[in-house]
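Work through the exercises below with the sequence and the 3D structure at hand. Each task is followed by a solution in steps.

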Amino acid sequence: MEKHFSSPTVAAWLQEWTDRLDPERVELVTGEPAQQEGLVDLLISRGSIVRLDPVLRPNSFLALSDSRDVARLESRTFICSEQESDAGPTNNWRSPSEMKAAMLPLYEGAMRGRTLYVVPFAMGPEGSRFQMLGIELTDSAYVALSMTRMARVSKAVAEAIDQSGDFVPAIHSVGVPLAGREDVPWPCNPESTYVAHFPETREIWSFGSGYGGNALLGKKCLALRIGSVVGKREGWLAEHMLILKLISPTGKIYYVAGAFPSACGKTNLAMLVPTVPGWRAETVGDDIAWIRRGEDGRLYAVNPEAGFFGVAPGTSVRSNAMAMQTISRDTIFTNCALTREGDVWWEGATETPPDGLIDWKGLPWDGQGPAAHPNARFTVPASKCPMIAPEWQDPAGVPLSALLLGGRRSDLIPLVTEARSWEHGVFLGSIMASETTAAAEGPTGKVRRDPFAMLPFCGYNIGDYFRHWLEFGAESKEGLPRIYLVNWFRRNADRKYIWPGYGDNVRVLSWIIDRLEGRAAGRDTPLGVVPAPGEIDLAGTSLSAEEFAPLVEIDLADLAVEVEDVKGYYANLGERLPARLRDELEELHKRV
Ligand code: SAT
Ligand code: MN
């Protein structure tokens, strides 16, 4: 075997895994264009991807997955801390020794007949103290190619790892060795899938799935689950948040980060095109924010990723023109429908589907069921986004003015509510709930608690996580961003969304900025401060003041039901739930 690393630690680790996985060959992936083309050619020759029409969608590809491997698998995702209590009540737990004993035999010979791709990667911009290094070992060329877009993969990163010997080992196998067997376009092993994290030793072991967060291990596994544990230890936050730059009509710049569960519009908000004249926006990140305190006491956020892995269905020129431009070329699509002309289509892309679609299962679409899978995705480098902020890779990060916490709630939760304090904001984050989406396995549309949109991504006990948030804010009150609960998804009696959303969300952001600048008095409610009548600019929308009013009304009877539900939820979180949050709940109870 060619020697790829001179660091004894890295070389020994790579040798150990190569021996165990027993691949036919080993390839170091450093992301040069020629290497990417080689991966593309190989995937095309295997039937794993098709090249889209070079005029309609230059340098772009469509992959169709196995129909059993289409989303994150929360039931197969494990936090393997030594103590079960450190994984806490919201995570699946196995002890490290038990999990390793279960998985090692799976890895034995798992890459027979395949190529082992060694993918050194960095999360976080170059030269940043935020940066974390990893090496993903994978037998999926699709994953290797996707990693060159979603993370920073380069010779320089490989050298940095070799020099420091410090990296997060991330093992990935689709779990289908080729001992004489024919390969299939999307190999996977659903019966034996595990996505395991070892927070104390900072290791990631994934087996059986080739899809998204199960397989692109820099994203949810490293940047969120392992990242959150490291952040707790080192005093920073790893969050499931977009980062948006807003420029007011007077030219003042504000950065806002927002936590929303998967498939709740983070990418759309991150690429907001304001409908109110004078406002402008730029994108810093669409999924993950690493947040640290600066010397000035303000909080600084970095997007650790290098690309977007966005939900395709619903994305259109109307809903997200900037995403449409971003993915107009150089994009890997997964589980979208294929048009007769060799382009991609998904529900919502155009009002009526074109004739002659091939659906995400590779069959002529019969009009029954969706043509694209609801969790179909696009994978594209962030640099392709026409509104990417020039400072998106600033090693110091960007200073935050406000934090948004949002979810899909048909009722109860107002369009926007300002928390009374940092602690009250942490309380609101801890009780956030959202209707489930196709981003994970299981039924969609069921309301579940998803604190800080981190339920599937917090790598440790959620009670300790809330305490970390409380302590993080306690150190300095000066300069902390204010916290806002938002909900774009309120419905009327006809089950129609009331708020137009998308570019009109700038109206909510502009109210938030009015609050920060002391220009809006707001109206106090038991849940926090909502816009007073007239404070949200509706000019240019089709909403009348009467139609708008219910968006900021709180039904006290509904809120009382919610309080009771939160009591049960808190009871299940156990004794590590900070007393301060129980006090907040008690105070809310008294207010309703
Ligand atoms: O976890 S994924 O990267 O597959 C997408 C998500 O759920 O946010
Ligand atoms: Mn996400």
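A crossing of two helices is called left-handed if the near helix is turned anticlockwise from the far one by less than a right angle, and right-handed if clockwise. The model used here is a predicted one.

**Exercise 1.** Find how H15 and H16 are arranged: what is the angle between them, and is their crossing left-handed or right-handed?

Solution.
Step 1. Locate the helices: H15 covers residues 556-573 and H16 covers residues 579-591.
Step 2. Read the geometry: the axes are 10 Å apart, and the packing angle is about 160°.
Step 3. Classify the angle: angles over 145 degrees count as roughly antiparallel. H15 and H16 are therefore roughly antiparallel to each other.
Step 4. Give the hand: H15 and H16 form a left-handed crossing.
Step 5. List the contact: H15 contributes Leu559, Val563, Glu564, Val566, Lys567 and Tyr570, while H16 contributes Leu581, Arg582, Leu585, Leu588 and His589.
Step 6. Sort by class: the contact of H15 with H16 has seven nonpolar, one polar and three charged residues.

**Exercise 2.** Do the same for H11 and H12: at what angle do their axes cross, and which residues make the contact?

Solution.
Step 1. Locate the helices: H11 spans residues 422-431, and H12 spans residues 462-474.
Step 2. Read the geometry: their axes come within 9 Å and cross at roughly 160°.
Step 3. Classify the angle: H11 and H12 are therefore roughly antiparallel to each other.
Step 4. Give the hand: the crossing of H11 and H12 is right-handed.
Step 5. List the contact: on H11 there are Trp422, Glu423, Val426 and Ser430, and on H12 there are Phe466, Trp469, Leu470, Phe472 and Gly473.
Step 6. Sort by class: six nonpolar, two polar and one charged residues make up the contact of H11 with H12.

**Exercise 3.** State how H11 lies against H16: what is the angle at which they pack?

Solution.
Step 1. H11 and H16 pack at about 85°, with their axes 10 Å apart.
Step 2. That angle makes H11 roughly perpendicular to H16.
Step 3. The contact is made by Glu423, His424, Val426, Phe427 and Ser430 of H11, together with Arg580, Leu581, Glu584, Leu585, Leu588 and Arg591 of H16.
Step 4. By class, the contact of H11 with H16 has five nonpolar, two polar and four charged residues.

**Exercise 4.** Describe the surroundings of ligand 1: which residues surround ligand 1?

Solution.
Step 1. Around ligand 1 are Arg72, Gly212, Gly213, Lys219, Lys220, Ser262, Phe309, Arg377 and Ala439.
Step 2. A polar backbone atom of glycine 213 is 2.9 Å from an oxygen atom of ligand 1.
Step 3. A polar side-chain atom of serine 262 is 2.7 Å from an oxygen atom of ligand 1.

Definitions and conventions: Residues are numbered from 1 along each chain as its sequence is written. Chains are lettered from A and ligands numbered from 1 in the order in which they are written. This is a predicted model: local features need pLDDT of at least 70, side-chain atom pairs count only at pLDDT 80 or more; totals for chains, interfaces and linings use all residues. Side-chain values use heavy atoms; hydrogens and water are left out. Axes are lines fitted to C-alpha atoms, for helices over the stretch in contact, and angles run from 0 to 180 degrees between N-to-C directions. Helices (H or I, at least four residues) and strands (E, at least two) are DSSP runs, numbered from the N terminus. Angles under 35 degrees count as roughly parallel, over 145 as roughly antiparallel, 65 to 115 as roughly perpendicular and the rest as oblique. Contact means heavy atoms within 4.5 Å. Ala, Val, Leu, Ile, Met, Phe, Trp, Tyr, Cys and Pro count as nonpolar, Asp, Glu, Lys and Arg as charged, and the others, Gly among them, as polar. A residue is near a molecule or strand if one of its heavy atoms lies within 4 Å of it. A polar contact is a pair of N or O atoms within 3.5 Å; within protein, one must be able to donate a hydrogen and the other to accept it, and residues adjacent in sequence count only if both atoms are side-chain atoms.
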